[in-house]
Amino acid sequence: MNTDIKTDVKKAADKVAAKTAEVKETVTTKVPEAAAKAADTTKKAAKAATTTAKKTAKKATTAAKKTADKAATVKTKLVAEVFIQYQNKEITAEDIVGRIKAAYEAEGKKSSAIKSLQVYVKPEENAAYYVINMKNAGKVNLY
């Protein structure tokens, strides 16, 4: 029976050696392939992330440029100074509007309620006639 045990042990040892060789072969061939695949996947992911970041940066730059261009093309509103001169006397349109607002407030109304204002200047009468909000009309002296 000793011989049978030796034979069984030898067969088992041979199987273990074959399995070890098989595992060794797998480790030496499959692991580097898997590592290469992982490295390739990582490179692809990094490239995709870089591409996405570049596209996002380009979109942001384009949007910023459009906003800057739009801001540059916005025209500033012209503010004209209008002077009315008559027989050596002078008044500005701004002063006339100020007098109209003061007259409106003197009536107990708020000048912030003025939405529209039409002014008719008649220097020969020393007067500026006005219509506020298409309802209230009045007159202020120019000089």
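A residue counts as buried when its relative accessible area is under 20%, as exposed when that area is over 50%, and as partly exposed in between. Keep these cut-offs in mind for the close-ups below, which all come from a predicted model.

**Figure 1. The whole chain, with its two helices and five strands.** Let's start with the overall layout. Read from the N terminus, the elements follow the order α-β-β-α-β-β-β. The radius of gyration is 47 Å, well over the 15 Å that the globule rule gives for 143 residues, so the protein chain is more spread out than a compact globule. Along the principal axes, the C-alpha atoms fill a box of roughly 145 × 30 × 20 Å.

**Figure 2. Surface, contacts and charges of the protein chain.** Of the 143 residues, 10% are buried. The chain exposes about 11,800 Å², and carbon and sulfur atoms supply 59% of this area. Now think about contacts between residues at least 6 apart in sequence: 29% of them join residues at least 24 apart. The chain also carries 29 positive and 16 negative charges, and the mean positions of these two groups are 4 Å apart.

**Figure 3. Asn-126, in the loop between strands S3 and S4.** Strand S3 covers residues 117-122 and strand S4 covers 127-132, with Asn-126 in the loop between them. Is Asn-126 buried or partly exposed? Its relative accessibility is 25%, so Asn-126 counts as partly exposed. Look at the backbone here too: phi of Asn-126 is near 55 degrees, a positive value in a residue other than glycine.

**Figure 4. Asn-133, in the loop between strands S4 and S5.** Moving along the chain, we reach the loop that leads from S4 to strand S5 (136-141), where Asn-133 lies. Phi of Asn-133 is near 55 degrees, which is again a positive value in a residue other than glycine. With a relative accessible area of 21%, Asn-133 is partly exposed.

**Figure 5. Asn-136 and the residues it touches.** This asparagine has its place in strand S5. Is Asn-136 buried or exposed? Its relative accessibility is 19%, so Asn-136 counts as buried. Which residues does Asn-136 touch, not counting those up to four places away in sequence? They are Tyr-104, Glu-107, Lys-109, Tyr-130 and Val-131. Try finding each of these partners of Asn-136 in the structure above.

Definitions and conventions:
Residues are numbered from 1 along each chain as its sequence is written. This is a predicted model: local features need pLDDT of at least 70, side-chain atom pairs count only at pLDDT 80 or more; totals for chains, interfaces and linings use all residues. Side-chain values use heavy atoms; hydrogens and water are left out. Helices (H or I, at least four residues) and strands (E, at least two) are DSSP runs, numbered from the N terminus. The radius of gyration is taken over C-alpha atoms; the globule rule is 2.2 Å times the number of residues to the power 0.38. Buried means under 20% relative accessible area, exposed over 50%, partly exposed in between (1.4 Å probe, protein chains only). Contact means heavy atoms within 4.5 Å. Accessible areas come from the Shrake-Rupley method with a 1.4 Å probe; for residues, only the protein chains shown count as cover. Lys and Arg count as positive and Asp and Glu as negative; His and the chain ends are not counted. The place of a charge is taken as NZ of Lys, CZ of Arg, CG of Asp or CD of Glu.
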